[in-house]
Structure formats: structure tokens, C-alpha cells
There are 2 protein chains.
Amino acid sequence: MKTNLDCLPCFVRQALDAARMATADEKIHWRVLQGVLSAAAEMNFDQSPPVMGQRIHRIIKSLSGSDDPYKELKTHFTEYALRLYPDCKKAVGQSNAPFETALRFAAAANAIDFGAVAEVEQPDSPVFIEQAMSETLFGHAEAFQQVAGSAKKILYLGDNAGEIVFDRLLIEQLPLERVVFVVRGAPVINDATLADAVAAGITNLVTVMDSGSDAPGIVLSECSDRFRRCFDAADLVISKGQGNYETLSDVDKKIFFILKVKCRVIARHIGCAPGSLVVKETG
Amino acid sequence: MKTNLDCLPCFVRQALDAARMATADEKIHWRVLQGVLSAAAEMNFDQSPPVMGQRIHRIIKSLSGSDDPYKELKTHFTEYALRLYPDCKKAVGQSNAPFETALRFAAAANAIDFGAVAEVEQPDSPVFIEQAMSETLFGHAEAFQQVAGSAKKILYLGDNAGEIVFDRLLIEQLPLERVVFVVRGAPVINDATLADAVAAGITNLVTVMDSGSDAPGIVLSECSDRFRRCFDAADLVISKGQGNYETLSDVDKKIFFILKVKCRVIARHIGCAPGSLVVKETG
């Protein structure tokens, strides 16, 4: 999808949040914002929002000297998610519809997205489970379960650190030997990298690869040849989160997008209410 | 007060809201944002936020050809406020503390501020009254009542259209012949101008003058000589809203600021929670 004018205030907010995460030096915060404001004034709205996100976070890394401003935050949310994991796993096991329950947890955990929001709530497991089970699940959940049951090559595109711990629950409902899990090629916002996948226990479960790119989404032209071969060969792509949706929603491919909708631009594009859990089929 | 980096996302959001209010032409929305982003990248943070607000809204007027993008919205909120006025007036009359009740209504009505927020709720009168009476009233309400009782020359700086209808309730608690009410010198955001004061019925109550400036606040160096003489001569200035607070909080003068806090920057500066009703004394 293209970038919307409504994305601009969010870019500026995101840049300020990230700059503060990278350094306490207020002069650098202002230099970052100057860079981002100037870049935004010349941006190409035919590109998807993560292309600008990538540019913003490159500016921040370059001016702050920090490779990974969200490193501590990512560790914190991985630990938080690992604390909730056993109760969620139990809830899946006791459910009459374990696939849908695991799907709901994976979608609800997409709330851990510091690209879209400045603060993320951390409910304890009973509250997380209750919310995930009671929220509206918009879209094509049944079709997703059917396709997932028969797919031969499944590419699972992860989104954020912490969230990917909950993705384990959904992956555990899939034929593990057919799944390849994808993380970002380098740190950007709180998106999961290989280190986060190791910490989340995903590397012990399925094959993990990275996209080859530091965009907070999947910009195919920027991804590694290896990633693109896997993408082309997959008969099912599971894509988590807003950034992956924004970059892949127009690609001609069987993709199921699983996300929690955190902004009005995405809500309008999908045609659901902000806050919804979504499974959206394309291709 | 100086401008904070946190004001930047809000400037961009405000510019987009206002551009859309001024014209349906998306090309002009983008030209407005380009102008605002470029101006923001060069801004002087020693100035108060309304100085940038003034610049933004001049850009919008110039590019859209609309003198008063919020005209219809201002009329709408004046009509809304006039519908609530009789019930609020009755509540003041029946109150054991009519001055504080009127003060609460005037402060709560400062929610009608499209500079600070993109959407404003419009509760009916029972809900408005209940909320205004139950919210925390932070600061120096008692000192304000004492000073107001003995002041000889009161300058009442209005803020937004619609809100000023509720200011009538507080003005009616003051010695009317000693009050001069001030509106903006030209349209900016949904701030009240002379036409809005006429529609609100204030011109029938007290002397009304304008500031001589199109800033969404009181930038003294830009105001008319006539306004500055009144400002200097007043022994009590009542200043409504965030924009007037931002431009006058550092001025050496007896001022009581009355506002509803709509953003974290102001909440931090005053030392209260976002959402609070505030009466803050300076000078």
C-alpha cells in the first residue's frame, strides 16, 4: 500500500521516540528530527510507509551511533512474553478450538509494536488471554486454517520481538518441518532479528532465516536472493503485523496477513475498526 | 514557554487537519505539509508553540485560498454551546458555590480546542455538567476568586469559538463594567474572533476588543498598541486555554490561567495530570 498523509505525524512521533531511545542527548534528538522533517518533505507517497521507516531509522542510527536503540526494550518484551507463554500454551491445549486460540494469541501479541504506538500495555496472562479471546477476529480465519493444513511450504514472516514468542503457539499448530520463520536482516524499531528469535526459542522449533533487509517490513526489491527464492517457492505466506502488510498487501501471492490494527490508515485500508484482530487473505 | 520537541508531531497533525478543513484538494494538503515540514525543520525552539502555529496557519491560508478554514466548525460549536448554556446557567444559579461552578464550566469548555486535538466530544448538558463538576480542579481557584472580587481592570483573554459561550457564565460572576474581553485579530484554527464573540452574546455583556494579531495565543510583540495598553493597565488578566498559556506563562504580570490540559507537554510544565482543569496563578 502507498503512504498516506496521515502517516506523517506518526513518522515524526516515531522518530522522536526512537531518538530518545538511542541517546539522552537532546541536541541529537533535534538533529534527528531535522533530518526526518527534511526527508519527509521530499518523500515519495507511492512507496509504502516502511520505506520511510527504514530511512528514519537509518538517520537515527547514523546520528546517534546506536546500532540498535530498542535493544533493551526488545529484551524486556521477550522476557515478558516468555513469562506469559506457559499459561497461553495451556489455554491452547485446553481449548475446543486450539488453532483459533493460538491464532488469536499471535494476533493479539502484535500489539507489541513501537512503530505504531508510543506505549504498549503489559497485561498479565489471565488478562491477556481474556482480551485475546474476546476481541473481534475480523476476516478469513477459517480459510486460513484450511490452507495451513494442506500447505507444503510455509513462510512465516515475523514482526516484533516479544510478539514472536506468541507466534510459537501458532507455529506449533503447523507442520513444523514445512515452516520457515523470517526475521529482519538488521535491527529496526523493535522488530525481531535473529538474536530475538533465538531468545524466543523459535530457532529450536523451525528453520529461521532473515530477510536480508533493515526495512521494518518486506520490501522485496531489497531482500536477499535467498529470501526471495523462499518467498517465491512458498505456497503459503503468513505475514505478521502492519509493516509486513503495508509492504506486501499489493503483491500477487497467496498471503494471509495476521495483525492487530493500531492506526486508522490501516483500519480504513482493511475496512475494519481500529483495535481489531485481523486475518486477511490475498492472492 | 518554549517549544518542546513533542510539539512537532502535533504541528504536523494540526496542519493536516486544518488543510483538510480548508480544501478537499489532496495536492494542496501535501503542499501544505511540505511547507510545514520545511518550516519545522528550521524552527526556533526559544519561541512559544503558537508562533509556529501562526506560521502553519498562514501557510494553509495562503496555499488553500481559505481565510477561515474552521468557519463552519466554529459556527457549529457556538450553536452547540448556546444549546447547553441555559442548563449551565441554571446549575450556576442553584449552586452553593456559583463562582466555582461557573469557573469549572469555563475551564471544562476549553476542551473545544482543535489546535490541541483532532476531535472534540459534544456531551449533552447533563453529562457536560456532571463531568465539569466532578473533574479535579488543580491550582489556585480560591485565590482567583479573591483577586477577581477586588480587581479594578480585568482583561479576559478568550480562546476558542463555542468555549467563549461558557466564558459568559464566569464573566457574569465578575463586575461587568470592569471586564474587557479579548478575541483574536484574525481567524486562526478555531480560535474566537469578533464575529464569534457577537454570536456568543459576549458583545452584549462586556466590552470586546481584539488582540490585533493572528497568532493562536498572545504574542505581545505582535499585538496592537491598544491591546498592549489594556494589558499593561489591567490589574487582573484572566487567560483562557493552552495557546494563551504558552505565550504568556513567562510574562511578569498577575495572570490567572484557566484551561483544560490536553497534552503532556503542558501537563509537565504545569505539574498536573493530562485532562485536568487548571487555575494557575503567576506574577
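A helix or a strand, as the words are used here, is a DSSP run, with at least four residues for a helix and at least two for a strand, and the numbering starts from the N terminus. With that in mind, select B:I189, which lies in the loop between β3 (179-183) and α9 (194-200) of chain B. Keep in view throughout that this is a predicted model.

**Stop one: isoleucine 189 in chains B and A**

While B:I189 is selected, look at its backbone, where phi is positive, at about 45 degrees, although the residue is not a glycine. Is B:I189 buried or exposed? Its relative accessible area is 7%, and because buried means under 20%, B:I189 counts as buried.

Now move to A:I189, which you will find in the loop between β3 (179-183) and α9 (194-200) of chain A. A:I189 also carries a positive phi of about 45 degrees and is not a glycine, and with a relative accessible area of 7% it is buried.

**Stop two: the cavity beside A:I189**

Stay with A:I189, since it is one of the residues that line the largest cavity. A search of the whole structure finds 1 cavity of 30 Å³ or more, and the volume of the largest cavity is about 50 Å³. To display its lining, select A:A18, A:H57, A:I60, A:K61, A:D68, A:P69, A:Y70, A:P187, A:V188 and A:I189. If you colour these lining residues by character, you should find 7 nonpolar, 1 polar and 2 charged.

Which helix gives the largest share of this lining? That share, 3 residues, comes from helix α3 (residues 49-64) of chain A.

**Stop three: the two domains of chain A**

Zoom out and colour chain A in two parts, domain 1 (7-64) and domain 2 (71-282). Where these two domains are in contact, 15 residues are taken from domain 1 of chain A and 20 residues from domain 2 of chain A. The C-alpha centres of the two domains lie 25 Å apart. Going back to the cavity for a moment, you can see that its lining draws at least three residues from each of domain 1 and domain 2 of chain A.

**Stop four: A:S62 on helix α3**

Return to helix α3 of chain A and select A:S62, which lies in this helix. Its relative accessibility is 58%, and because exposed means over 50%, A:S62 counts as exposed. If you draw a distance from the C-alpha of A:S62 to the C-alpha of A:A40, it should read 17 Å, for two residues that are 22 residues apart in sequence.

**Stop five: A:S276, another serine**

Next, select A:S276, whose place is in the loop between α12 (264-270) and β7 (277-282) of chain A. Is this serine buried or exposed? At 9% relative accessibility, A:S276 counts as buried. Show its side chain, and you will find one of its polar atoms 2.6 Å from the backbone oxygen of A:A273. Setting aside residues up to four places away in sequence, A:S276 touches A:T136, A:L259, A:K260 and A:V261.

**Last stop: B:H29**

Finally, cross to chain B and select B:H29, which lies in helix α2 (residues 26-41) of that chain. The relative accessible area of B:H29 is 5%, so this histidine is buried. Which residues are in contact with B:H29, leaving aside its neighbours within four places in sequence? From chain B they are B:A19, B:R20, B:T23 and B:A24, and from chain A there is A:L5.

Conventions. Residues numbered from 1 in each chain as written. Chains lettered and ligands numbered in written order. Predicted model: local features only at pLDDT ≥ 70, side-chain atom pairs only at ≥ 80, totals over all residues. Heavy atoms only, no water. 1 Å grid on protein atoms, 1.4 Å probe; cavity = no way out; pocket = protein on both sides within 12 Å on 5 of 7 lines; lining within 4 Å. Points joined across faces, edges and corners; volume = space filled by probe spheres on them. Nonpolar A, V, L, I, M, F, W, Y, C, P; charged D, E, K, R; others polar. Domains from an automatic or database assignment. Buried < 20%, exposed > 50% of the residue type's maximum accessible area, 1.4 Å probe, protein only. Polar contact = N/O pair within 3.5 Å; in protein donor to acceptor, adjacent residues only side chain to side chain. Contact = heavy atoms within 4.5 Å.
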